[in-house]
Amino acid sequence: MATWSNFNLQNSASPLMEQIIFFHDHTLIILIMITILVGYLMINLFFNKYINRFLLEGQMIELIWTIIPTITLIFIALPSLRLLYLLDELNNPLITLKSIGHQWYWSYEYSDFNSVEFDSYMIQYDKSNINNFRLLDVDNRIILPMNNQIRIMVTAADVIHSWTIPSLGVKIDANPGRLNQTNLFINRPGIFFGQCSEICGANHSFMPIMIESVSIKNFINWINNYS
Ligand code: CUA
């Protein structure tokens, strides 16, 4: 989860988020190289007295400053495409979680099991409880097994919402009348938080998502004892 002064991306808890972080760092490095080069050239332009006698024609330099940015963009475009297709691939999921956005709470359905469904509301902050997370805690958590492919189906009942969990690399819009699909693979136990990220009304900020990642054994236990 995000903590104080966290200026970077949150730690990843899934292989896809790891790939997203690698791509972000890669692109940022290229961006820094361009900024330094252009910055150096611009500063030099101010501090010299050179005059160009052939200002109208410069075929060679124009060829160079067209081809170099093209190659630079390819170095960003190819990993970006790879990531795009990786994020969309769903490989033989174990279970399916359906999440439905409402104003202003999420409701969840475990479609593989009979009548496992519940609403998930944000709960009031309680400062006497150190395990209570302000504006992120919910009354009913999503329980999911770690180290398994999970299919997420997302939709909404009223307006557009967005089911977003930074540490898992998931961000998908919940549209009324449409069913969107994404996938998830959590590679460690823990609690992971998300928030709605589509401006959906007055209480947009107060419909958090809370996932509790447990072992498959604990998950089966939870499903069996679900009343
Ligand atoms: Cu739901 Cu913003």
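Contact here means that heavy atoms lie within 4.5 Å. By this criterion, and leaving aside neighbours within four places in sequence, Gly201 is in contact with Gln103 and Trp104 in the predicted model. Gly201 itself lies in the loop between strand S9 (190-196) and strand S10 (209-214), while Trp104 is found in the loop between strand S1 (95-102) and strand S2 (105-110). The peptide bond that joins these two contact partners of Gly201, running from Gln103 to Trp104, is cis, with omega near -5°. Gly201 counts as partly exposed, because its relative accessibility is 34%, a value that falls between the 20% bound for buried residues and the 50% bound for exposed ones. With respect to helix H1 (15-46), the separation may be given through Ile34: Gly201 and Ile34 are 167 residues apart in sequence, and their C-alpha atoms are 40 Å apart in space.

The chain as a whole comprises 3 helices and 10 strands, and from the N terminus on these elements follow the order α-α-β-β-β-β-β-β-β-β-β-β-α. The radius of gyration is 24 Å, well over the 17 Å that the globule rule gives for 227 residues, and the chain is therefore more spread out than a compact globule. Taken along the principal axes, the box filled by the C-alpha atoms has dimensions of roughly 85 × 40 × 35 Å. Of the 227 residues, 33% count as buried, and the accessible surface comes to about 15000 Å², of which 60% belongs to carbon and sulfur atoms. Among the contacts with a separation of 6 or more, 64% are accounted for by residues 24 or more positions apart. The chain carries 12 positive and 17 negative charges, and the mean positions of the two sets are 8 Å apart.

The annotated regions can be set against the secondary structure of the model. In an unreviewed UniProt entry, the annotation "transmembrane region" covers residues 20-43 and 63-87. Over residues 20-43 the chain is 100% helix and 0% strand, with the end C-alpha atoms 34 Å apart; the span 63-87 is likewise 100% helix and 0% strand, and its end C-alpha atoms lie 36 Å apart. The unreviewed entry also carries the annotation "domain: Cytochrome oxidase subunit II copper A binding", which covers residues 92-225. Over residues 92-225 the chain is 7% helix and 44% strand, and the end C-alpha atoms of this span are 26 Å apart.

A link between the two spans annotated as transmembrane is provided by His26, a residue of helix H1. Leaving aside its neighbours within four places in sequence, His26 is in contact with Phe75 and Pro79. His26 and Pro79 are 53 residues apart in sequence, whereas their C-alpha atoms are 9.2 Å apart in space. With a relative accessible area of 30%, His26 is partly exposed.

Ser14, in the segment before helix H1 (15-46), is in contact with residues much further along the chain, namely Ser167, Leu168, Phe185 and Asn187, when neighbours within four places in sequence are left aside. The relative accessible area of Ser14 is 2%, so this residue is buried, the cut-off for that class being under 20%. Ser5 also has its place in the segment before H1, but in contrast to Ser14 this residue is exposed, with a relative accessible area of 77%.

The backbone of Ser5 is notable in that phi is positive, at about 60°, although the residue is not a glycine. A positive phi, of about 55°, is also found at Asn147, which is not a glycine either. Asn147 is located in the loop between strand S4 (142-145) and strand S5 (149-156), and at 43% relative accessibility this residue counts as partly exposed.

Technical notes. Residues are numbered from 1 along each chain as its sequence is written. This is a predicted model: local features need pLDDT of at least 70, side-chain atom pairs count only at pLDDT 80 or more; totals for chains, interfaces and linings use all residues. Side-chain values use heavy atoms; hydrogens and water are left out. Helices (H or I, at least four residues) and strands (E, at least two) are DSSP runs, numbered from the N terminus. The radius of gyration is taken over C-alpha atoms; the globule rule is 2.2 Å times the number of residues to the power 0.38. Buried means under 20% relative accessible area, exposed over 50%, partly exposed in between (1.4 Å probe, protein chains only). Accessible areas come from the Shrake-Rupley method with a 1.4 Å probe; for residues, only the protein chains shown count as cover. Lys and Arg count as positive and Asp and Glu as negative; His and the chain ends are not counted. The place of a charge is taken as NZ of Lys, CZ of Arg, CG of Asp or CD of Glu. UniProt positions are given in the numbering used here, feature names are shortened, and annotations may be inferred rather than shown by experiment.
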